[in-house]
Amino acid sequence: MIIRRYVVNDMREAIIRAKYELGSDAIIISQKHIRPGKWYNPLRKRKLEVTVAIEENIHEKAHAGREKASRTAAEVPVKKESERLPDKCRSTRKHSVFGRNDSALMRWQEYCGRNAIAEDSVGYEQMNMFIKESYLENPFMKERKLGRINVLVGPTGVGKTTTIAKIASGEFLSNDKKVGLITIDTYRIAAVEQLKKYAEILGIRCESVNEPSEMKGKISKLRNCDIILVDTVGASPKNEDRIEDVRQYLDEIDEEKNTYLTVSMSSDVDTNNSIFEAYKTLGYNSLILTKFDEVKNYNNFWNVMENNELPIQYFCFGQTVPEDISESSLENVLSYLWREL
Ligand SMILES: Nc1nc2c(ncn2[C@@H]2O[C@H](COP(=O)(O)OP(=O)(O)O)[C@@H](O)[C@H]2O)c(=O)[nH]1
Ligand SMILES: [Mg+2]
């Protein structure tokens, strides 16, 4: 028997989290109201603690092939300021932080000279201040806002569909928004099914579009939604024809839209630069960065800092829906990398 405990705001949230993690055969075995935190804190919020169970063999069948054990809902992935690592092992950090990014290293040396700081004193707080001062047009500091229509574009396998499920869950559960999904990834039946499955778990609408001419009609069907998330077919940066195909669908959207280029931080920098270039034809205006959990060095981080002017909406750090996503503030991203690398 697998047993999970969820600390949530309401039963709806618990049911959705349990369905994602354990599948729809899971059963609720108990619930009680609690106030997590120190007893003397008057601001403690009332929460619901729900315990859910499933037979092990049913769970295994439902999750065959899934690599990663799910986390409990109470686990918070990005640590708070007070919990971050102390700036220990400072001098050993310098090389690993800047790696082969000479431009970032030069800016760091210049910053150290200006502020009379020892170059080897690379600590988390120091980095945070350095970036804010030396990268004034820092993409992590730019204003980000989910629009009504949000399209995710990018190569196959970077995590577009998974990220859509994470965003949809967050907006639906935490912000109580009416969310609708559209997929134009109709090249693969499995891709449509994947999105439909997520929509089913949340109990929201999902439309698939087979021809550009169907786009307007499908958006109009979702006119009551506060947020529409559009999933697209993945295209290699070398496959101009397929990127052009996506453009024909997107051109049919009359309303203002956000187009997010989704890139994996575990790909190499050159590959990502070719993606940034090839996808320009789709007029993307913001980025979503995925797979931070697979990152081995800071190379992509500096590349995005140095060569990208667009805001970064979210960063993702795992396969678990809905938890492994966060707003991409500089503090969130940097503290994640600092802790993991
Ligand atoms: N490690 C890791 N895997 C992810 C992340 N986001 C998605 N994935 C996995 O990457 C694979 C492809 O994801 P999918 O959403 O289908 O990609 P798409 O082709 O761009 O739609 C799946 O196995 C996902 O579980 C992430 O942030 N970290
Ligand atoms: Mg997909």
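Helices here are DSSP runs of H or I that span at least four residues. With that in hand, helix α6 (residues 160-173) is a good place to start, since this helix gives the largest share of the shell around ligand 1, namely 3 residues. Please keep in mind that this is a predicted model. The protein chain holds 12 helices and 11 strands, and buried residues account for 38% of its 341 residues.

**Overall build**

- Take the contacts in the protein chain between residues at least 6 apart in sequence: 77% of them join residues at least 24 apart.

**Around ligand 1**

- The shell of ligand 1 consists of 17 residues, and the closest are Gly159, Lys160, Thr161, Thr162 and Cys316.
- Sorted by class, this shell contains 9 polar, 5 charged and 3 nonpolar residues.
- Helix α6 supplies 3 residues of the shell, the largest share.

**Helix α6 beside helix α7**

- Helix α7 covers residues 189-202, and its axis comes within 10 Å of the axis of α6, with a crossing angle of roughly 15°.
- Angles under 35 degrees count as roughly parallel, and α6 and α7 are therefore roughly parallel to each other.
- The crossing in which α6 passes α7 is right-handed.
- On the α6 side, the contact is made by Thr161, Ile164, Ala165, Ala168, Ser169 and Phe172, while α7 brings Ala191, Gln194, Leu195, Tyr198 and Leu202.
- This contact of α6 with α7 has 8 nonpolar and 3 polar residues, and no charged ones.
- Thr161 is worth a second look: it is listed among the closest residues to ligand 1, and it also takes part in the contact of α6 with α7.

**Helix α4 against helix α5**

- The axes of α4 and helix α5 (residues 124-134) come within 10 Å and cross at roughly 100°.
- An angle of 65 to 115 degrees counts as roughly perpendicular, and that makes α4 roughly perpendicular to α5.
- Arg107, Trp108 and Tyr111 of α4 meet Phe130, Glu133 and Ser134 of α5 in this contact.
- By class, the residues of the contact of α4 with α5 are 3 nonpolar, 2 charged and 1 polar.

**Helix α11 and its cover**

- Helix α11 (residues 299-307) has these buried residues: Asn300, Phe301, Trp302, Asn303, Val304 and Met305.
- Among the elements that cover the buried residues of α11 are α4 (102-115), α10 (269-278) and α12 (330-340).
- Helix α4 thus turns up in two places, both in the cover of α11 and in the contact with α5.

**Backbone details to check**

- As background, most residues other than glycine have a negative phi, and most peptide bonds are trans.
- Ala116 is not a glycine, yet its phi is positive, at about 50°.
- Ala116 sits in the loop between α4 and α5.
- Ala116 is exposed because 6 other C-beta atoms lie within 10 Å, and 12 or fewer is the cut-off for exposed.
- Asp176 likewise is a residue other than glycine with a positive phi, in this case near 55°.
- The loop between α6 and β5 (179-183) is where Asp176 is found.
- With 8 C-beta neighbours inside 10 Å, Asp176 also counts as exposed.
- Val321 and Pro322 are joined by a cis peptide bond, with omega about 5°.
- Pro322 lies in the loop between β10 (312-316) and β11 (325-327).

Definitions and conventions
Residues are numbered from 1 along each chain as its sequence is written. Chains are lettered from A and ligands numbered from 1 in the order in which they are written. This is a predicted model: local features need pLDDT of at least 70, side-chain atom pairs count only at pLDDT 80 or more; totals for chains, interfaces and linings use all residues. A residue is buried if 20 or more other C-beta atoms lie within 10 Å of its own, exposed if 12 or fewer, and partly exposed in between; C-beta atoms are placed from the backbone. Two residues are in contact if their C-beta atoms, placed from the backbone, lie within 7 Å. A residue is near a molecule or strand if its C-beta atom, placed from the backbone, lies within 6 Å of it. Ala, Val, Leu, Ile, Met, Phe, Trp, Tyr, Cys and Pro count as nonpolar, Asp, Glu, Lys and Arg as charged, and the others, Gly among them, as polar. Axes are lines fitted to C-alpha atoms, for helices over the stretch in contact, and angles run from 0 to 180 degrees between N-to-C directions. Angles under 35 degrees count as roughly parallel, over 145 as roughly antiparallel, 65 to 115 as roughly perpendicular and the rest as oblique. A crossing is left-handed if the near helix is turned anticlockwise from the far one by less than a right angle, and right-handed if clockwise.
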